[in-house]
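Trainee: Could you take me through the annotated binding-site residues and the surroundings they sit in? I'd like a close look at that part, with the cut-offs spelled out as you go.

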Amino acid sequence: MTTVDVGIPVLRTGRSSMEGRPDVSDLVDRFGRTARDLRVSLTEKCSLRCRYCMPEEGLPPIAPENLLTAAEIVRLVEISVHHLGVREVRFTGGEPLMRRDLEEIIAGCAERAHGVPLSMTTNAVGLEHRAAALARAGLTRINVSLDSVHRAHFAALTRRDRLPSVLAGIRVAQHAGLAPLKVNAVLMRETLPGAVDLLQWCLDQGCALRFIEQMPLDADRQWARENMVDAAELLAVLGTRFDLKEIGREEPSAPAEEWLVDGGPATVGIIASVTRSFCEDCDRTRLTAEGTVRSCLFSDHEVDLRGALRSGADDEELAQLWRGAMWNKWAGHGVDAAGFVPPERSMGAIGG
Ligand code: SAM
Ligand code: SF4
C-alpha cells in the first residue's frame, strides 16, 4: 500500500486483490455487477462555489504535473471502451468547462471511442461560447446543474451571481443540438421553496428536470441527516402545483425514479441517493482528474493508473489494474446508516 498526494487529501492507493475473479475482460465485481458507465473528472477547478459541494475558497489546486493530460484521458477512455466494456462516458469535475482543452479531449474520445455516447455534467457558466464547438467535437448530451431560476437565490446557493450566463448556456446548447438536455437540482431546505418554479421553467424550456437528494459530500462538512430534504417532502411541495403520477425507473440501473407531470408527456425525476440508494444496480466506474480509478463515490480506496501509464504500461496492463480496482468494489456505501463516515474527497474532488 502506498500513499499519493493527489492535491486534495492524501489518499490510499494500492494493488488490488484479484482472488476469485473470473477471467473476463469486463469490469465485474464480487457482487455480480458490471460497470459500463464511466465518469471522468477533468479538473478540481470551478467557476461556482455551490455550498453543498465546494468550500468558499475553492479546492486546493492539483499540481499541473499530477493532472491527466488530454492525450492521457483519451487513451484511458479508449482502453475503457475497447478493453473493458464501457458503453457510456460522462465528463465531470470540478467544472469541465474550466479546461481549455475540453474540445480536444472530446474530439479525441469521439475519434478513438467511436460510437460511444459522450456526455458532460456542467454548471453551464460560459457554455454559450463553447456549446457549438463542443457539439462539433462530438459531445452528444449535457446535464446542467441548476438549483434555482431566481437570481438572488442562485447567487446565494452558488456564491456567484452567474444565473444569466447559465440560462444563456442552456439556450445555446439546445440550439447546438445537445439534446435531450437534462437539468439536475440538489434537493436542500434552501431549494425547496423554489422547486415549483424550477420545474415550471424546465417544462417551459423543454428540459428534463431531476432532483438529487443531497449527499454527505460537501467540502464544508455541513451535511446532517436530520436536515436532509427527502423525496417524500419534495413530492408534497411539487404536488401543490402539479399533478404527479409515479412511473418508476426507465431501466433497472437508472438512478432516477420518474413521475409523469400533469398527465405527461413531461416527467420529473428524483434521485433518492440517500434514502433509496441503488448500490445493488450501480454500473459506474470513476476516473479522477489525477488518474486514479475509484469504484464508488464513497470509497477512498483508489487505484493509480497515471503512475503506471507514465512508467510505460501497455494498454492491457492498464486495463488489468482497472479490473482489479472494480473487482474490489464494495457491496454498498451505507450512507443512510448510523455511524457512516464520509470519504476524504468532497464531490467536486471526485467528480459527481
Ligand atoms: N460542475 C459540474 C456541475 O455542477 O454539474 C460537474 C461537477 S458536480 C460535482 C456534479 C454533480 O454533483 C452536480 O449535478 C452537482 O449538483 C452534484 N453534487 C455536488 N455536490 C453534491 C452533494 N453534496 N450531494 C448531491 N449532489 C451533489
Ligand atoms: Fe462547481 Fe459543480 Fe461543485 Fe457547483 S456542484 S461547486 S458547479 S463542481
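Mentor: Happy to; here is a walk through the annotated residues, the ligand shell and some of the salt bridges. This is a predicted model, in which local features need pLDDT of at least 70 and side-chain atom pairs count only at pLDDT 80 or more, while totals for chains, interfaces and linings use all residues. Residues are numbered from 1 along each chain as its sequence is written, chains are lettered from A and ligands numbered from 1 in the order in which they are written, and side-chain values use heavy atoms, with hydrogens and water left out.

Let's start with the record. In an unreviewed entry, UniProt gives the feature "binding site" at Tyr 52, Gly 94, Ser 145 and Met 215. Of this set, Tyr 52 belongs to the lining of the second largest pocket. On a 1 Å grid over the protein atoms alone, a pocket is an open set of points where a 1.4 Å probe fits, with protein on both sides within 12 Å along at least five of seven lines, and lining residues have an atom within 4 Å of a point. The UniProt positions are given in the numbering used here, feature names are shortened, and such annotations may be inferred rather than shown by experiment.

Tyr 52 and Gly 94 also turn up around ligand 2, together with Cys 46, Leu 48, Cys 50, Cys 53, Met 54 and Asn 123; a residue counts as near a molecule if one of its heavy atoms lies within 4 Å of it. This shell has six nonpolar residues, two polar ones and no charged ones. In that scheme Ala, Val, Leu, Ile, Met, Phe, Trp, Tyr, Cys and Pro are nonpolar, Asp, Glu, Lys and Arg are charged, and the others, Gly among them, are polar.

Next, Ser 145, which sits in strand S8 (residues 141–145); helices (H or I, at least four residues) and strands (E, at least two) are DSSP runs, numbered from the N terminus. Its relative accessibility is 25%, so Ser 145 is partly exposed; buried means under 20% relative accessible area, exposed over 50%, and partly exposed in between, with a 1.4 Å probe and protein chains only. Leaving out residues up to four places away in sequence, Ser 145 touches Thr 121, Thr 122, Asn 123 and Asn 184, where a contact means heavy atoms within 4.5 Å. Asn 123, one of these, is also among the residues around ligand 2.

Met 215 is in the loop between strand S10 (208–213) and helix H7 (231–238). Met 215 is buried because its relative accessible area is 13%. Beyond residues up to four places away in sequence, its contacts are Trp 223, Ser 273, Val 274, Leu 297, Phe 298 and Met 347.

UniProt's unreviewed entry also lists "binding site" at Arg 39, Arg 90, Thr 121, Lys 182, Arg 284, Thr 285 and Arg 286. Thr 121 from this list is one of the contacts of Ser 145. Thr 285 lies in strand S14 (residues 284–287), and Arg 286 is in strand S14 too. Thr 285 counts as buried, at 0% relative accessibility, and Arg 286 is buried as well, at 5% relative accessible area. Neighbours up to four places away aside, Thr 285 touches residues including Asp 37, Leu 38, Arg 39 and Trp 322. With neighbours within four places left aside, Arg 286 is in contact with Leu 38, Arg 39 and Leu 297, among others.

That brings us to charge pairing. Side chains of opposite charge can pair when their charged atoms come close. The structure holds 17 salt bridges, each a side-chain nitrogen of Lys or Arg within 4 Å of a carboxyl oxygen of Asp or Glu. Arg 39 pairs with Asp 37, with the closest N and O atoms 3.2 Å apart, and both residues are buried.

Back in the loop that holds Met 215, Asp 220 forms a salt bridge with Arg 159, again with closest N and O atoms 3.2 Å apart. Arg 159 is in the loop between helix H4 (151–158) and helix H5 (163–175), and Asp 220 is in the one between S10 and H7, so this pair ties together parts that are 61 residues apart in sequence. Arg 159 is buried at 15% relative accessible area, whereas Asp 220 is partly exposed at 30% relative accessibility. Finally, Asp 37, Arg 39 and Arg 284 are joined into one network by salt bridges that share partners, and both Arg 39 and Arg 284 are in UniProt's second list.
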